[in-house]
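Colleague: Thanks for sitting down with me over this one. Could you walk me through the ligand site?

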Amino acid sequence: MRIEQVNSTPREKRVAAHSHIKGLGLRDDGSAEPIMAGFVGQENAREASGVVVELIKSKKMAGRALLFTGAPGTGKTAIALAISQELGPKVPFRPIVGSEVYSSEIKKTEVLMENFRRAIGLRIKETKEVYEGEVTELTPEETENPLGGYGKTISHVIIGLKTVKGTKQLKLDPSIYESIQKEKVTVGDVIYVEANTGAVKRVGRSDAYATEFDLEAEEYVPLPKGDVHKKKEVIQDVTLHDLDTANAKPQGGQDIMSMMGQLLKPKKTEITDKLRQEINKVVNKYIDQGIAELVPGVLFIDEVHMLDIECFTYLNRALESPLAPVVIFATNRGMCTIRGTEDVLSPHGIPVDLLDRLLIIRTLPYTIDEIKVIVKIRARTESLAVDEDAIDVIAQSGVDSSVRYALQLLTPASILAGINDHTSITKEDVNEATELFFDSKRSAKIITEHESQFIV
Ligand SMILES: Nc1ncnc2c1ncn2[C@@H]1O[C@H](COP(=O)(O)OP(=O)(O)OP(=O)(O)O)[C@@H](O)[C@H]1O
Ligand SMILES: [Mg+2]
């Protein structure tokens, strides 16, 4: 069988649990539109989150922490996701789940620290001497291998770069050819080569080629203005964790290396506390000099009751550091024992001293009408046709158990509708699905009724 003859199955768009959520859905004055951006109801929590987004954007929120509390399926995780969408791609957003801190290899506090640093961005502005333009020519020149043998080596690379003003041909070192290949540069791309370091960056595809194929998510950029050889302000967004790893493993991250390399000894393999402190020092220096700007992002810790007392004490301290992101917690627990203690009861399983630092936002249970709208939005996202009375049944099961269960009924119901030859999901299909798939309450009831059949 020849590979070309094998048809790959076209990838369908995957519908994840929150793919209908597109943002917080707030009006310009910050009030919540009842139904917007995929969100329904929960106005107070959304408005509060809108305020938080504003505070984060204006950098007034660093080192603070928020807590979302509410019953399962009331939209806590969905709101956190919406916050990240509102913040945009430039602000780091790092979501983790409480249980992720438990690993047999890495200390819990180490995991927390790493994620803290992944949530803090640094925008570095540098004026660099570069050669920039659209690649018109890319020819590696080969010579005989000086060591003998059959292989050929590349002696240098000829690159033609075009701008609006003119064209220039460069003869470059073979080491640059490697970075050109790494960036997958082809003729027609706009690139720049840093004069000092030889680092190559692909900016995008020249928009002269824009009509070529529209298959891939390609960024088209205009032909650069000015000379090929010029000074250019280069903006780079990195997180503190990127800097940590770049300096722990000197192979990667050419750009950052050139910045930090002079100050730190190379050949470090592990991210130690000392390394982090050194990085902080350098970062602070760059901030003072106005070269870099701190962009505190968001660390979202879902299911925070899974953390234990050690993590909580660590968080207390970490939140006070000047380089702390905004931390958002979410939990669906009420009064429970704090993990890692024998019998210390506390609201949400969080010690009171940490609770004291938190701003708490509640999510409330939904009314049946709100659930109906959520189900409709969800059906549209999953491209399912659902009868009106079927929606009523699904929404009712949402009131009886949870929104999540109601939404999960849609897929099995649609499969049953297919089996029953219905063009859209009917009430009967939904009822059949509820008989096949139990919700937590009914399951619990069955356990108590038939206790003798289960192993205790
Ligand atoms: N107001 C809403 N509008 C639209 N969809 C919602 C809304 N609230 C929740 N959903 C959807 O309902 C489902 C459950 O919500 P989510 O996962 O956010 O609940 P949760 O509060 O995090 O629950 P848990 O405590 O169990 O983690 C998700 O698919 C979510 O996208
Ligand atoms: Mg959740």
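Colleague: Which residue offers a polar backbone atom 3.3 Å from an oxygen atom of ligand 1?

Modeller: In this predicted model, local features need pLDDT of at least 70, side-chain atom pairs count only at pLDDT 80 or more, and totals for chains, interfaces and linings use all residues. Side-chain values use heavy atoms without hydrogens and water, residues are numbered from 1 along each chain as its sequence is written, and chains are lettered from A and ligands numbered from 1 in the order written. A polar contact here is a pair of N or O atoms within 3.5 Å. The backbone partner at 3.3 Å is T74.

Colleague: How far is the side chain of T77 from an oxygen atom of ligand 1?

Modeller: A backbone N or O atom of A17 lies 2.8 Å from a ligand 1 oxygen. For T77, an N or O atom of the side chain makes the contact, at 2.6 Å.

Colleague: How much of the 640 Å² that ligand 1 exposes when taken alone does the protein bury?

Modeller: Accessible areas come from the Shrake-Rupley method with a 1.4 Å probe. Of those 640 Å², the protein buries 96%.

Colleague: Between which domains does ligand 1 lie, and why?

Modeller: The domain bounds come from an automatic or database assignment. Both domains give residues to the shell around ligand 1, so the ligand lies between domain 1 (35-119 + 297-362) and domain 3 (368-443).

Definitions and conventions:
Polar contact = N/O pair within 3.5 Å; in protein donor to acceptor, adjacent residues only side chain to side chain.
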